[in-house]
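Q: I should like to learn how to read the features of a structural model one by one. Could we work through an example together?

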Amino acid sequence: YEPCQLKYTVPSSIHTYTPDWKVGTILYESKGKLTAADRKKILHVLSSNPTIDIRIIFQNSAVKIRKGSPTSYGDWATKNGIEWVDFKDKKKLQKWLKIKS
């Protein structure tokens, strides 16, 4: 019964990513909820396209990535080297989007 183990490779698959906005060369993603699938996708997009600049606008950056986790959305983005802003930070948001107040 189960005499050995064999290694195998799952073929890679190609996916596409459509950002919410683009201003100049910067891509913006807005998130109210940042699911595990969203986090995984963003990291895959960044690793596959190392020269792009993706920034995230969070509805509430203090929300935890899952119940009981000490990690907030903002913490996760910072840990992964992703620039982000909380929607409540109007000054930074205006600066990012180059909007004059």
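**The largest pocket**

A: We may begin with a pocket, keeping in mind that this is a predicted model. The largest pocket holds about 310 Å³ of space.

Q: Which residues line the largest pocket?

A: Its lining consists of S13, I14, H15, T16, Y17, K40, K41, H44, V45, S48 and N49.

Q: How many of the lining residues are nonpolar, polar and charged?

A: The lining of the largest pocket divides into 3 nonpolar, 6 polar and 2 charged residues.

**The nonpolar cores**

Q: How should one approach the interior?

A: In soluble globular proteins, nonpolar side chains tend to be buried together. In this model the largest nonpolar core has 14 residues. Those with the most contacts inside this core are L34, I42, I54, I56, F58, W76 and I82. At least two residues of this core come from each of helix 1 (36–48), strand 3 (53–58) and helix 2 (73–79). Separate from it is a second core of 6 residues, including Y28, V85, L93 and W96.

Q: Which residues does I56 contact, leaving aside its neighbours within four places in sequence?

A: With those neighbours left aside, I56 is in contact with E29, K31, I42, W76, I82, E83, W84, V85 and W96. Two of these, V85 and W96, are members of the second core.

**Charged residues on the strands**

Q: Is R55 buried or exposed?

A: The relative accessible area decides the class, and buried means under 20%. R55, which is found in strand 3, has a value of 13% and is therefore buried. Its side chain is joined to that of D53 by a polar contact of 3.1 Å. Leaving aside neighbours within four places in sequence, R55 is also in contact with I26, L27, Y28, E29, E83 and W96.

Q: Is E29, also named in that list, buried or exposed?

A: E29 belongs to strand 2 and is buried, because its relative accessible area is 7%. Not counting residues up to four places away in sequence, E29 touches Y17, T18, P19, D20, R55, I56 and I57. One of these, Y17, also lines the largest pocket.

**Outside the strands**

Q: Where is P19 found, and what is its accessibility class?

A: P19 lies in the segment before strand 1. Its relative accessibility is 23%, so P19 counts as partly exposed. Leaving aside neighbours within four places in sequence, P19 is in contact with L27, Y28 and E29. The C-alpha atoms of P19 and I56 are 10.0 Å apart in space, while the two residues are 37 residues apart in sequence.

Q: Is G24 buried or exposed?

A: Exposed means over 50% relative accessible area. G24 counts as exposed because its relative accessibility is 61%. This glycine is placed in the loop between strand 1 (21–23) and strand 2 (26–31). G24 and L97 are 73 residues apart in sequence, yet 9.5 Å apart in space from C-alpha to C-alpha.

Q: Is I65, in the loop between strand 3 and helix 2, buried or exposed?

A: I65 is buried, since its relative accessible area is 16%. Not counting residues up to four places away in sequence, I65 touches R39, T71, S72, Y73 and W76. One of these, W76, is among the residues with the most contacts inside the largest core.

Q: How does I65 stand in relation to V45?

A: The two are 20 residues apart along the chain, and a distance of 19 Å separates their C-alpha atoms. V45 is one of the residues lining the largest pocket.

Terms used:
Residues are numbered from 1 along each chain as its sequence is written. This is a predicted model: local features need pLDDT of at least 70, side-chain atom pairs count only at pLDDT 80 or more; totals for chains, interfaces and linings use all residues. Side-chain values use heavy atoms; hydrogens and water are left out. On a 1 Å grid over the protein atoms alone, a cavity is a set of points where a 1.4 Å probe fits but cannot get out, and a pocket is an open set with protein on both sides within 12 Å along at least five of seven lines; lining residues have an atom within 4 Å of a point. Grid points are joined across faces, edges and corners, and a volume is the space filled by probe spheres set on the points. Ala, Val, Leu, Ile, Met, Phe, Trp, Tyr, Cys and Pro count as nonpolar, Asp, Glu, Lys and Arg as charged, and the others, Gly among them, as polar. A nonpolar core is a set of buried Ala, Val, Leu, Ile, Met, Phe, Trp, Tyr and Cys residues joined through side-chain atoms within 4.5 Å. Buried means under 20% relative accessible area, exposed over 50%, partly exposed in between (1.4 Å probe, protein chains only). Helices (H or I, at least four residues) and strands (E, at least two) are DSSP runs, numbered from the N terminus. Contact means heavy atoms within 4.5 Å. A polar contact is a pair of N or O atoms within 3.5 Å; within protein, one must be able to donate a hydrogen and the other to accept it, and residues adjacent in sequence count only if both atoms are side-chain atoms.
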